Each structure stands twice: as C-alpha cells, then as structure tokens.
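Trainee: I would like to take a close look at a single part of this model and see how it fits with what surrounds it. Could you walk me through one helix slowly, and then through its neighbours?

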Amino acid sequence: MKDHRTKGFDISGLHLRDSLPADLEQLVNIDRLCFPEGIAYAKEDFHYLSKKNGSYTVVAEYDQRIVAFAIIVTETTKMHLVTLDVLPSLQGEGIGSLLMNQILNRACLDKIQRVDLEVAEDNPKAISFYRAQGFHTVKRLRKYYPNNRDALVMTGKPKRANFEIGSLVK
Ligand SMILES: CC(C)(COP(=O)(O)OP(=O)(O)OC[C@H]1O[C@@H](n2cnc3c(N)ncnc32)[C@H](O)[C@@H]1OP(=O)(O)O)[C@@H](O)C(=O)NCCC(=O)NCCS
C-alpha cells in the first residue's frame, strides 16, 4: 500500500478540547470538505446532534484552528461515533488516531462497553482506519446513505490510552 504519511505534521502541536457553540462554522466547513453534498451534515444537523442526550463533540486544534473533530452520542454503556473528520489536507498524519485514542480512553473512564459506528462501504480509507483501531464489521445496512450507498456497522471496545492526550484526560 502507498505510504499515506507524507507531510511530517507535528502532532505534538495539537490541542484537544470539547467543542464550543462558536466552533459550529468550522465544523460545518470541515464536514463539507470531507463529504460530498447530500452526505455532509447541514448546520441544522449539527444543532440537532448537539442537543441529543449524551452527545458531545471533541475538536483537535492546531494553531488555534480546528483541524479535526468527532461527534459522539453515549447511551448508558454504549457509545455511537456519529462522525470523525480530519481536514483533508492533514489526513494520514495520525490526527484521526489521536482523536480516536482520546475518545476510546474517555469511553473507558465512562464505563462504556461498546462503541458502534456506521461507515460507507465505499470509504476504504475510513474502513482501514477503523480496523487499525480494533473495530470490526458486524453488519451491512442496505441503502443507508442518501445516495443509496450501503453502510457497514462496525463495533469496537474502549481502551485506555497509554499516554496523556491534551486537556481532556480525566
Ligand atoms: C478516516 C479518517 C478519520 C482517518 O484519520 P487520519 O488522521 O487520516 O488517519 P491516521 O493518520 O490517524 O491513520 C491511522 C490509520 O488509518 C489507516 N489509514 C489512514 N489513511 C489511510 C489511507 N489513505 N489508506 C489506507 N489506510 C489508511 C492506516 O491503518 C493508518 O495507520 P498507519 O498510518 O500506521 O498506516 C480521515 O481520513 C478522514 O477524516 N476521512 C474523511 C472523513 C471520513 O470518512 N470519516 C469517517 C466517517 S465514518
């Protein structure tokens, strides 16, 4: 496989934090850069998701600019990873992994037992990313996305990070 790590991004400059209402524009823009029209979330979707019980969004900042984020909804002992987006120009530099480690670490502390997510079956980069994070496919949802693409439902387990990540470590 072609080496996708090419830019030598300095990951130690990343700062992770919970998102604030003022981040909304940046999140919408990153999602639009990551996904085609019709699949990317609209502003209203972000509003809706942020109001759901048990939902929170973690952002990764570099130089005071958001470069990645993840939306999570927790329900007692289960967690749903709604989306994880890394700015396209910075993908493949370990940012997604760092964010995921943070999420899985926090899930562990919150006594979450299972993390579920849906990923488009024609998104090999994300599927390979989630597999590398220990997730596996449990089922396929036919025509799940508005463009009629199938989704794979993947599931994984929380895990403690063996290093300190940003300001969110409890
Ligand atoms: C999927 C995504 C979140 C991964 O984040 P990332 O920061 O690019 O990934 P990382 O650099 O942390 O890579 C971690 C692992 O994922 C896999 N991976 C990442 N990019 C890859 C690529 N282009 N091809 C194959 N595998 C890849 C590798 O296993 C990699 O480990 P390695 O670098 O040791 O080989 C990111 O690419 C993204 O935002 N994509 C667009 C939005 C999206 O599809 N999100 C998923 C929504 S369900």
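Mentor: Let us begin with what helix α3 touches: its buried residues pack against the strands β1, β2 (55-62), β3 (65-75), β4 (78-86) and β5 (114-120), and also against the helix α4 (124-132). Please keep in mind throughout that this is a predicted model.

The buried residues of α3 are Ile-95, Gly-96, Leu-98, Leu-99, Met-100, Ile-103, Leu-104, Asn-105, Arg-106 and Ala-107. As you read that list, it helps to remember that an α-helix has 3.6 residues a turn, so residues three or four places apart point the same way. The length of the helix can be checked as well: α3 covers residues 95-109, and because each of its 15 residues counts for 1.5 Å, the expected span is 21 Å, which agrees with the 21 Å that separates its end C-alpha atoms. Just after α3, the backbone at Lys-111 takes a positive phi of about 60 degrees.

The strands that α3 packs against, β1 to β5, belong to an open sheet of 7 strands, whose order is β1-β2-β3-β4-β5-β7-β6 and whose pairing is mixed. At its edges lie β1 (14-18) and β6 (136-141), each of which pairs on one side only, and neighbouring strands of the sheet are turned against each other by 25 degrees on average, if direction is ignored. In general, the strands of a sheet pair through backbone hydrogen bonds, either parallel or antiparallel. Both kinds appear here, for β4 and β5 pair in the parallel sense over 4 bridges, whereas β6 and β7 (residues 151-156) run antiparallel and are joined by 5 bridges. Within these pairs, His-80 stands opposite Asp-116 in β5, while Leu-141 has Ala-151 in β7 as its bridge partner.

Strand β5 deserves a slower look, since α3 packs against it. Its covered face holds Val-115, Leu-117 and Val-119, and its uncovered face holds Arg-114, Asp-116, Glu-118 and Ala-120. Take Arg-114, which lies in β5: it is partly exposed, because 13 other C-beta atoms lie within 10 Å. Leaving aside residues up to four places away in sequence, Arg-114 touches Lys-78, Thr-155 and Lys-157. The C-alpha atoms of Arg-114 and Leu-104, which are 10 residues apart along the chain, are separated by 9.7 Å, and Leu-104 is one of the buried residues of α3.

Helix α3 also takes part in the surroundings of the ligand, since β4, α3, β5 and α4 are the elements that give two or more residues to the shell around it. The largest share, 5 residues, comes from α4. Of the 23 residues around the ligand, Gln-91, Gly-96, Ser-97, Phe-129 and Ala-132 come nearest, and the shell divides into 10 nonpolar, 9 polar and 4 charged residues.

Finally, compare the turn of the backbone after α3 with two loops of the sheet. Gln-64, in the loop between β2 and β3, has a positive phi of about 65 degrees although it is not a glycine, and it counts as exposed because it has 6 C-beta neighbours inside 10 Å. Asn-148, in the loop between β6 and β7, likewise has a positive phi, near 70 degrees, and with 8 other C-beta atoms within 10 Å it is exposed too.

Methods
Residues are numbered from 1 along each chain as its sequence is written. This is a predicted model: local features need pLDDT of at least 70, side-chain atom pairs count only at pLDDT 80 or more; totals for chains, interfaces and linings use all residues. Two strands pair if DSSP finds at least two bridges between them. Axes are lines fitted to C-alpha atoms, for helices over the stretch in contact, and angles run from 0 to 180 degrees between N-to-C directions. The expected span of a helix is 1.5 Å times one less than its number of residues. A residue is buried if 20 or more other C-beta atoms lie within 10 Å of its own, exposed if 12 or fewer, and partly exposed in between; C-beta atoms are placed from the backbone. Two residues are in contact if their C-beta atoms, placed from the backbone, lie within 7 Å. A residue is near a molecule or strand if its C-beta atom, placed from the backbone, lies within 6 Å of it. Ala, Val, Leu, Ile, Met, Phe, Trp, Tyr, Cys and Pro count as nonpolar, Asp, Glu, Lys and Arg as charged, and the others, Gly among them, as polar.
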